[in-house]
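Q: Please take a close look at one part of this structure for me. I would like to follow a single helix and see what surrounds it.

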Amino acid sequence: MRIAFLGPPGAGKGTQVELVSREYGVSVLSTGDAFRAMMKGEDKLAQKVRSYVEKGELVPDGVVFEIVREFVDNKDSFILDGYPRNLRQAELLDDFLEVKGLALTGVVNILLDEDEIVKRLTGRLVCPQCGRVYNIYYSPPHKDEVCDDCGVPLERRIDDEDDVIRQRIKVYHREMKPVVDFYQRKGLLFNVDGTGDIHEVFERIKKVLDGK
Ligand SMILES: [Zn+2]
């Protein structure tokens with residue numbers, strides 16, 4: 001199993017990657033984690049990465065790929081989380097793995113619509129009876145999703161101030177559209193519906209991955 005996971009912020013990709021890793025016993029490269037570890041390292045690659053970050057410059061795709069290459073090199077099983085992030089990275093990865101005879105066996109693309117992402121990321125809950133507003137992260141109700149005052153189930157709500165999240169989602173889709181198309185053309189793309197709870201989504205992913 002050699003797979004990459006794609007999905008917009010808030011779609012639960014990190015959680016699903018963890019579950020898949022445990023279920024199938026396959027190790028994960030999270031490029032975010034790799035970067036953070038790299039910032040403390042002393043080898044040549046670490047110094048190179050740091051030199052960009054310290055100047056506030058974007059780390060070039062070729063350098064990011066060196067991190068990924070170290071991880072995937074000669075492994076016959078791996079999961080990539082957060083990579084590739086653009087078409088250039090996808091092409092670099094593809095060329096490298098093809099030569100090794102270890103091409104990706106699948107790309108899981110978690111789909112979730114914008115309103116649902118905003119609801120999840122803001123964590124905002126409102127009482128339909130008294131209008132009291134809660135946040136599941138910062139000011140949760142005493143009892144799971146039930147109003148402290150009225151005892152009625154709370155509802156999720158979207159607000160106008162969610163533009164920042166919507167902007168992030170737009171940027172994500174703009175960058176990732178060519179990547180999605182790239183894997184689609186190769187017959188590697190598996191779209192998975194990201195609605196519902198963690199276990200529902202995981203069941204869908206397992207169906208896709210069994211035999212990959
Ligand atoms: Zn209430």
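A: This is a predicted model. Start with two helices, α1 (residues 13-24) and α8 (residues 198-209). Their axes come within 10 Å and cross at roughly 55°. Oblique is the word for angles that are neither under 35 degrees, nor over 145, nor from 65 to 115. The angle of roughly 55° therefore makes α1 oblique to α8. The crossing of these two helices is right-handed. In general, two packed helices are described by the angle between their axes and the distance between the axes.

Now look at the residues that meet. From α1 come Thr 15, Gln 16, Leu 19, Val 20 and Glu 23. From α8 come Ile 198, Val 201, Phe 202, Ile 205, Lys 206 and Leu 209. Sort this contact by class, and you find seven nonpolar, two polar and two charged residues.

Next, turn to what else α1 touches. Helix α1 lies across four strands: β1, β2, β3 (78-81) and β4. Against β3, the helix runs at about 170°. An angle over 145 counts as roughly antiparallel, so α1 is roughly antiparallel to β3.

Those four strands belong to an open sheet of five strands. Read across the sheet, and the order is β2-β3-β1-β4-β8. The pairing is parallel. In general, strands of a sheet pair through backbone hydrogen bonds, either parallel or antiparallel. The edges are β2 (28-30) and β8, and each of these pairs on one side only. On average, neighbouring strands in this sheet are turned by 20° against each other, direction ignored.

Follow the pairs one by one. Strand β1 (residues 2-6) pairs with β4 (residues 106-111) over four bridges, in the parallel sense. Here Leu 6 stands opposite Asn 109 of β4. On to the next pair. Strand β4 is joined to β8 (residues 189-193) by five bridges, and the two run parallel. Val 107 has Leu 189 of β8 as its bridge partner. Leu 111 stands opposite Asp 193, also in β8.

Finally, compare another sheet. Three strands form an open sheet in the order β6-β5-β7, and here the pairing is antiparallel. Its edge strands are β6 (133-135) and β7 (155-156). Three bridges join β5 (residues 124-126) to β6. Within that pair, Leu 125 has Tyr 134 of β6 as its bridge partner.

To recap the helix: α1 crosses α8 at roughly 55°, and α1 also lies across β1, β2, β3 and β4.

Note on methods:
Residues are numbered from 1 along each chain as its sequence is written. This is a predicted model: local features need pLDDT of at least 70, side-chain atom pairs count only at pLDDT 80 or more; totals for chains, interfaces and linings use all residues. Axes are lines fitted to C-alpha atoms, for helices over the stretch in contact, and angles run from 0 to 180 degrees between N-to-C directions. A crossing is left-handed if the near helix is turned anticlockwise from the far one by less than a right angle, and right-handed if clockwise. Two residues are in contact if their C-beta atoms, placed from the backbone, lie within 7 Å. Ala, Val, Leu, Ile, Met, Phe, Trp, Tyr, Cys and Pro count as nonpolar, Asp, Glu, Lys and Arg as charged, and the others, Gly among them, as polar. Two strands pair if DSSP finds at least two bridges between them.
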